[in-house]
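Trainee: I have a model open and want to learn how to read it. Where do we begin?

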Amino acid sequence: MKIVTWNVGGLHSPVKRKKILQALHRKGVDIALLQETHLDTPEHMKLKSGWVAEVYDNPVVGKKAGVAILVRKRVDFRVDRQYQDGGGRILVLKGIMEGTELALGNFYGPNVQDVALNNRLRQILLSFGDRPIILGGDFNAVADPTMDRSRPCRGVCVLED
């Protein structure tokens, strides 16, 4: 199973959408976690291509955020429930993949620490109990701002437990 996470920086351009889908297909990706799509639901559905069986999204209005999960046709994944934050930053799917109950999540964090958003993600993930969780995304956070950032940090940028 090949799972990829990719901050795509906007997918309004049909040419860019096509190139990204082709790249994912060439790499044999089974599940793609896309962040910063900048798309609403009808636009996200355009990501459903020859190899993509399902597109799950947490849409956004405007040119910020938006996340999507693409699932290849050969992947057996039945989704029972979707969890979203309503702001295009959190998408977690609860379901059964290849016979295993699990949660599959995609997160796009803001450039500054958002305690409420982090707590919302934590609440969603804790609700799964012992179920395996696959979580990917762009957390926009670093362990050590001095070593890991090329420019000064705006606000608190350290990953906290």
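**Reading the sheet and the helices**

Mentor: Begin with the sheet in this predicted model. Four strands make an open sheet, ordered S5-S6-S7-S8, with mixed pairing.

Trainee: Which strands are the edge strands?

Mentor: S5 (77-84) and S8 (133-138). Each of them pairs on one side only. On average, neighbouring strands in this sheet are turned by 20° against each other, direction ignored.

Trainee: How many bridges join S6 to S7?

Mentor: Eight. S6 covers residues 90-97, S7 covers residues 100-108, and the two run antiparallel. Take Lys94: its bridge partner in S7 is Ala103.

Trainee: Which helix lies across these strands?

Mentor: H3, residues 115-126. H3 lies across S5, S6, S7 and S8 and runs at about 10° to S6.

Trainee: Now H1. How do I check a helix's length?

Mentor: Compare expected span with actual span. H1 has 13 residues (14-26), so at 1.5 Å a residue it should span 18 Å. Its end C-alpha atoms are 18 Å apart, which agrees.

Trainee: Which residues of H1 are buried?

Mentor: Arg17, Ile20, Leu21, Ala23 and Leu24. They cover an arc of only 160° around the axis, so they sit on the same side of H1. The general idea: an α-helix has 3.6 residues a turn, so residues three or four places apart point the same way.

Trainee: What do the buried residues of H1 pack against?

Mentor: Strands S1 (3-7), S2 (31-35), S3 (52-58) and S4 (67-72), plus helix H2 (41-44).

Trainee: And which exposed residues does the face turned away carry?

Mentor: Pro14, Val15, Lys18, Lys19 and Arg26. After H1 comes Gly28, with a positive phi near 70°.

Terms used: Residues are numbered from 1 along each chain as its sequence is written. This is a predicted model: local features need pLDDT of at least 70, side-chain atom pairs count only at pLDDT 80 or more; totals for chains, interfaces and linings use all residues. Side-chain values use heavy atoms; hydrogens and water are left out. The expected span of a helix is 1.5 Å times one less than its number of residues. Buried means under 20% relative accessible area, exposed over 50%, partly exposed in between (1.4 Å probe, protein chains only). The arc is that of the directions from the helix axis to the C-beta atoms. Contact means heavy atoms within 4.5 Å. Two strands pair if DSSP finds at least two bridges between them. Axes are lines fitted to C-alpha atoms, for helices over the stretch in contact, and angles run from 0 to 180 degrees between N-to-C directions.
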